[in-house]
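Dear colleague,

I am passing on a structure for you to look through, and below it you will find notes on what turned up. Please open it beside the text as you read.

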Amino acid sequence: MLALAQSHWSLPVTDPVLTFALVMLIILIAPLVMQRLRVPGIIGLIVAGVIVGPNALGILDRNETIVLLGTVGLLYIMINAGLEMDLNQFRRYRNHSLAFGSISYLVPQVIGAFAALWILGFSVQASILLASMFGSHTLLTYPMASRLGLTKNPAVTTAVGGTIVTDTSALLVLAVIARSTQGELGVGFWGVLVSSLAVYTAAVWWGLPWIGRWFFRTVPAEGPAHFVFLMAAGYLCAFLALVAGVQPILGAFLAGLAMNKLVPKQSVLMARVSFAGSWLFIPIFLISVGMLVDPRVFVSDLQTWKVAILMVVTVISCKFLAAMISRRILGYTATEGWVMFGLTVNQAAATLAAVVVGFELGIFDESVVNGTVMMIMASCLVGSVVMQKHGRELAIRQSEATEDLALAPKRILVPLRNPEAAPAIMDVAFMIREKQSHEPVYPLAVVQDSDDASAQVAAGEKMLSAAVTHAAAADIPAVPVTRLDTNAAEGIVRAIRELRISTVVMGWTGVSTTRSFIFGSVLDQLLKRCPQQFVVCRFAEPLYTAKRLVLVVPPFAHREVGFADAVATVKNLASQSGLDLVLSARASDLETLEPLIAKIKPEVKTETMPVPVIESWLHPNGPGLEEHDIFVLLAARENQVSWRPSIDRLPKAIMSRPDPVTMLVVYPSEQAVDIAPPLAREVNRAMALAELFDTSRVELRLSAQTPREVIDALLEHLPPDASAAAGRLAGDLERIAGETPIEITPGVVLLHTHTAAIETAMVFLATVPEGLPFQKLRRDAQAVFVLLTPKSLPASAHLQHLARIAGLLHDPANRDAILNADTPAALEPIFQSTKTEP
């Protein structure tokens, strides 16, 4: 037993469980410490890797596990950069990217080669390869730019696009130098390299999106299947890049670009990609880089200092020079030039690939390897500090800039009736919502006042609970709203007015009459009574499998008050989905529409499809839609100048075509965009999590066999004035546990009810480590939340309480802390520090 314990605690740690636990602690603690010191968290992870690595304290060895996870993190950075890149912006700034990439590579390549030859006395081969390392860069600070909302800034797009030029050039130089050590660089070598790269690029760029659309269309979005597909495809492409003769990081970046249009920027899938990289794979890569450093060498070997200083000075000065030259040539501001420098000074991916290969081939010695790690640390420190300072400055300037009316923050209402269609309709709302907007999305359930209203309200709350959970998974704030009214139209109108909604997103079954899109004549009534913008959706396939968005614009539509905002909504949807926009109108109208639409942000690649008359779309043999096209009609109300009877017939005509068509009908607003804050008086009556939670209502590590046992144990903690109702409440909650339990996250179940038995809202919590079975759930629950909201509070407040609990448990760290808590007091910091505002 003693020997076993000694084997677990000997250094370096070899036990895989303890190794992973220590790595997780480093990922948790290092950024927090650096934050206190006002140093970027990236540096903290690299420094932590140096300290615990084999060349310092020796707590962890850079074994196969660390190398594997570090490599996964390195490739993950490149996949994520490709997925997050705004291809529409890149198309517009491709010449800027090519120019900047060429300057950013050639300046360090030329200066670095001469410095290595004359100062270090390296061979021609070693000098060229070393200088190519200076020319490349890794987008380690891109996540910082993303968090600051700079991904669509032209300078950032230019710098990210330049990565294609710099890394491709550096990796091609590496391939050529490596081959030169094995023999002559004949015609055969160049022929094989060029042909293999051409075949590989074509297969990934055209083949991967085709496979992805088929998979996303065939496999439901529930669960992690789509995320796993992205990861499998990305890493397989990275391996195949090696087969094609280049480094895997180039293949990972190309795979991310190829799948870019399949992943909307504001979606559950993108949120999963960002989370997995930010809190696991990328931090482990940074720790593994730190483990390469051997501090002892810098004490005993002056050559290492000489090499390291030259590498650090050369790469920082050359990248700074390249960024400043480029910003002058391309017309960017000084702040944007600094941001470009902060993005491109960081060395890691191609640099590590080059030094490892050069060392294995005998081109470099150990001094270059240690100097490379010092260069990586120094460049990452400089890049992080520069990005933190000048990135914030650029973000502030962007937020202070005068905003286009069409890009004013949107308050979006989503009336829901069909639970199965709700996620797709909510996704449309997410995509047309501005990414930097602080306004929540408002899912709405309207219940007709009748004898069975109570049951309908319960069903509506269940549907809204699912909508809120879906929004939380996409990291989008949502404020659920319930209305009890004489009819659906009255409830929606009241919600629009009270919340000062600017856009309403609704669904259409596609089987009713032309203008009865939702609840019989509801849409007719809403369009007559409400001047807001309406987006009516009918789905034949998921949005992310589409290729183009065909926008049909009737004559005189550009004269409508809400034209700019409606076009911005459509372009936002195209931009978030990565779709090309096809503008269809009369040939004579296109001359006017093209420049008008081009001025409306965001920027989207736009083509034109002229038609003789708009009525051409009414005929079965009219303008053709390609497979996976989304048809969008810019419609009009009867009192608007662009209205004509044929507009009302168009949706039905499109739906009658043989092949199913995904269609959106957009009714422009008849009023100027209102940017006043929403009233939401009822929502403000909801309580914060800290107020709902009390340690006296917590039971940890219960041993229970049925949900009723857990419910009874929790309700023992009811206030004295409500204890008489404990039996009735327990019966209601037991029925809910059997019929409609909500699994917010794997292993965590929520039971909730709106009751008159209590006077204040409260949350109860029990953990059951052995697991508790629920009839309607596939997995056992290890934690059970019970939410009770008094009838004195409106249903919207009850649903907001649900939203806040879902938001809390959206963070796996909170979930794990709850499941592993030993005392109720340990849970207080979680509920006290969690952001509870919608």
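Proline 602 sits in the loop between helix H24 (587–599) and strand E8 (606–611), where helices (H or I, at least four residues) and strands (E, at least two) are DSSP runs, numbered from the N terminus. The peptide bond that leads from lysine 601 into proline 602 is cis, with omega near 0 degrees.

This is a predicted model, in which local features need pLDDT of at least 70 and side-chain atom pairs count only at pLDDT 80 or more, whereas totals for chains, interfaces and linings use all residues. Residues are numbered from 1 along each chain as its sequence is written, and side-chain values use heavy atoms, with hydrogens and water left out.

Two further loop residues have a positive phi although neither is a glycine. Phenylalanine 556, in the loop between strand E6 (548–552) and helix H23 (563–577), has a phi near 70 degrees, and at 40% relative accessibility it counts as partly exposed. Histidine 628, which lies in the loop between E8 and strand E9 (629–634), has a phi of about 70 degrees, but this residue is buried, with a relative accessible area of 10%. Here buried means under 20% relative accessible area, exposed over 50%, and partly exposed in between (1.4 Å probe, protein chains only).

As for the protein chain as a whole, it has 31 helices and 15 strands, and buried residues make up 57% of its 838 residues.

Best wishes
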